[in-house]
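Good morning, colleagues. I would like to walk you through the surroundings of the ligand in this structure, and then turn to its cavities.

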Amino acid sequence: MQTPQIQDPRAASIPVVAHADVVVIGGGPGGFAAALRARREGCSVILIEKFDMPGGVHTSGLQGAANAGVGGIHTELMARFEREGCIYTADERNLPDWAGNPLSHYDHYLPPGSPFKRASFNPDGAGSVMVNMLEEAGVQAIYGASFVDVVMAADGSERRITHAIIETVAGRQAVAGTVFVEGTGTAEVVARAGAPFVRGGGRQPETVTTDPTQRPIPGGLLWIMSGIDFAQTAAYQKRENDPALSKLINRARAAGDIPPELYRPRLATQGVYGDHYIGHPTVDMSPIQGPGTFILWQNVPYEWALHMDEDAEHASRAKRELRRLIDAEARFLRQYVPGFQDAFIAHVGRYVGVRDGRHPIGEYVFSIDDARQERRFPDAVTRPMTKTFFWDAYKRYTFEVPYRCFLPREVSNLLLTGASLSFTFETIFMVMRNFPWCTQTGEIAGLAAARSIRQGIGPKQLQWTEPLF
Ligand SMILES: Cc1cc2nc3c(=O)[nH]c(=O)nc-3n(C[C@H](O)[C@H](O)[C@H](O)COP(=O)(O)OP(=O)(O)OC[C@H]3O[C@@H](n4cnc5c(N)ncnc54)[C@H](O)[C@@H]3O)c2cc1C
């Protein structure tokens with residue numbers, strides 16, 4: 001049945017409330033760094049952000065993993081987080097029994113008892129630092145503003161964006177700009193501009209599919225639990241020879257205290273990227289913020305095949321069901337697991353993160369073959385980088401990324417960043433989606449925007465000849 005339609009009677013009159021050289025939509029690590037760099041290069045910059053702080057998945061989404069600085073704004077950020085007391089580091093002294101523990105999201109593979117260092121930043125503290133950094137630089141950030149659409153104009157053989165349409169407490173407003181930056185993490189600007197992309201779960205570019213059962217790698221909602229006495233948990237694991245808490249999980253399942261979606265086996269045998277994100281057979285957590293506080297992951301069950309970036313009912317279902325699962329997990333932990341009896345839900349992420357959303361098709365689509373062939377490009381944005389490709393039997397390749405991956409097809413004045421770069425799914429997932437790299441991509445986009453504005457040309461005419469990092 002066709003969905004009934006109405007005409008929006010006010011569609012023709014939207015107030016244009018601001019104009020800037022560079023308009024960045026979405027303030028995740030990519031959008032944040034793009035805004036900061038473009039402003040520091042002398043451009044006027046507006047950043048549109050749905051929530052109350054930049055940082056995206058890593059702040060509003062609670063991800064919070066801190067890494068050694070990789071240069072530029074990322075190094076500056078990590079130093080500032082440290083200086084402002086936002087970094088917490090767990091190691092073998094304050095968290096013995098963590099290395100090699102099956103409950104550890106990141107450190108389970110280490111030999112038990114070995115030294116380790118797990119640094120994280122406090123998501124809300126770090127978000128405030130990022131708010132201040134934008135303000136100090138003179139970026140005009142509009143928080144609580146949802147980007148909903150674009151206005152386009154012809155531009156030679158392509159089209160350019162003239163305005164971003166946003167929704168604020170004042171209703172619909174338009175923001176005009178010369179260059180726009182895609183920072184939504186789900187290529188929402190690309191989609192609204194009508195530029196090409198591959199849906200989550202699709203393989204790019206050979207097998208673009210509209211199959212409704214096509215399953216993206218599931219997104220997830222992160223949450224924080226405080227008041228955990230992990231020494232008690234570790235003592236139980238040893239005393240009862242129950243490293244993965246299987247005995248407790250089985251007992252709770254038999255009593256009907258665990259919903260079927262919790263603690264499911266990994267699906268690595270089903271030809272999907274199963275080892276990490278599809279099914280967590282036990283409690284999965286990582287230390288964050290301070291002693292006794294851990295972040296936990298609640299993923300969408302893979303079988304639900306939710307496209308949370310493009311289907312409102314899917315997005316709503318994920319929010320609803322994942323909160324239900326978090327409540328159920330917290331109840332199980334408190335009731336059954338030693339060390340958790342006084343624990344409580346301290347925080348639930350502001351949104352369900354999308355891991356495998358739209359993948360824009362740019363002037364160059366970086367594929368796994370580019371990595372395998374260790375290709376070099378005349379428009380490389382970085383010096384050769386060496387990365388481990390989990391999708392490719394954990395092989396390590398050294399390669400460059402061309403500037404053309406930042407340029408979406410069919411739109412002349414939009415630059416891509418972060419998880420919305422023109423990369424095939426296999427290359428972006430796990431390999432090219434981390435906070436340091438996403439911050440670098442933002443800085444590259446911010447510099448490209450500023451250079452093209454200075455030269456009076458579009459980002460696609462810009463000659464990129466020197467790697468930035
Ligand atoms: C659940 C989950 C767990 C992850 N775990 C890890 C991990 O352990 N390690 C790792 O390195 N990477 C991890 N990632 C990947 C990493 O977080 C992302 O690749 C990275 O954050 C992408 O950065 P980004 O700047 O492109 O977008 P995002 O971080 O997604 O930020 C997008 C920003 O845009 C804003 N926005 C979106 N739409 C709109 C709109 N319409 N209007 C206004 N604002 C909007 C959002 O509020 C957000 O602030 C994880 C991702 C997810 C989803």
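The shell around the ligand comprises 15 polar, 13 nonpolar and five charged residues. I should state at once that this is a predicted model. Among the 33 residues around the ligand, those that come nearest are Glu 49, Gln 63, Tyr 106, Phe 147 and Arg 433.

Let me turn to individual polar contacts. Gln 63 places a polar side-chain atom 2.6 Å from an oxygen atom of the ligand. The backbone contributes as well: a polar backbone atom of Gly 30 is 2.9 Å from a ligand oxygen atom, and a backbone N or O atom of Phe 147 lies 2.8 Å from a ligand nitrogen atom.

How much of the ligand's accessible area does the protein cover? On its own, the ligand has 1,000 Å² of accessible area, and the protein covers 93% of that.

As to secondary structure, the elements that supply two or more residues to the shell are two helices, H1 (29-40) and H11 (435-455), together with strands E2 (45-49), E6 (146-155) and E10 (220-226).

I now come to the cavities. The structure contains three of 30 Å³ or more. I shall describe the second largest, which holds about 90 Å³ of space. Its lining consists of 15 residues, and nearest its centre lie Pro 216, Ile 217, Gly 219, Leu 306 and Met 308. What is the make-up of this lining by class? Ten of the lining residues are nonpolar, two are polar and three are charged.

Thank you for your attention.

Notes:
Residues numbered from 1 in each chain as written. Predicted model: local features only at pLDDT ≥ 70, side-chain atom pairs only at ≥ 80, totals over all residues. Heavy atoms only, no water. 1 Å grid on protein atoms, 1.4 Å probe; cavity = no way out; pocket = protein on both sides within 12 Å on 5 of 7 lines; lining within 4 Å. Points joined across faces, edges and corners; volume = space filled by probe spheres on them. Nonpolar A, V, L, I, M, F, W, Y, C, P; charged D, E, K, R; others polar. Near = heavy atom within 4 Å. Polar contact = N/O pair within 3.5 Å; in protein donor to acceptor, adjacent residues only side chain to side chain. Areas by Shrake-Rupley, 256 points an atom, 1.4 Å probe, with all protein chains shown as cover. Helix = DSSP H or I, 4+ residues; strand = E, 2+ residues; numbered from the N terminus.
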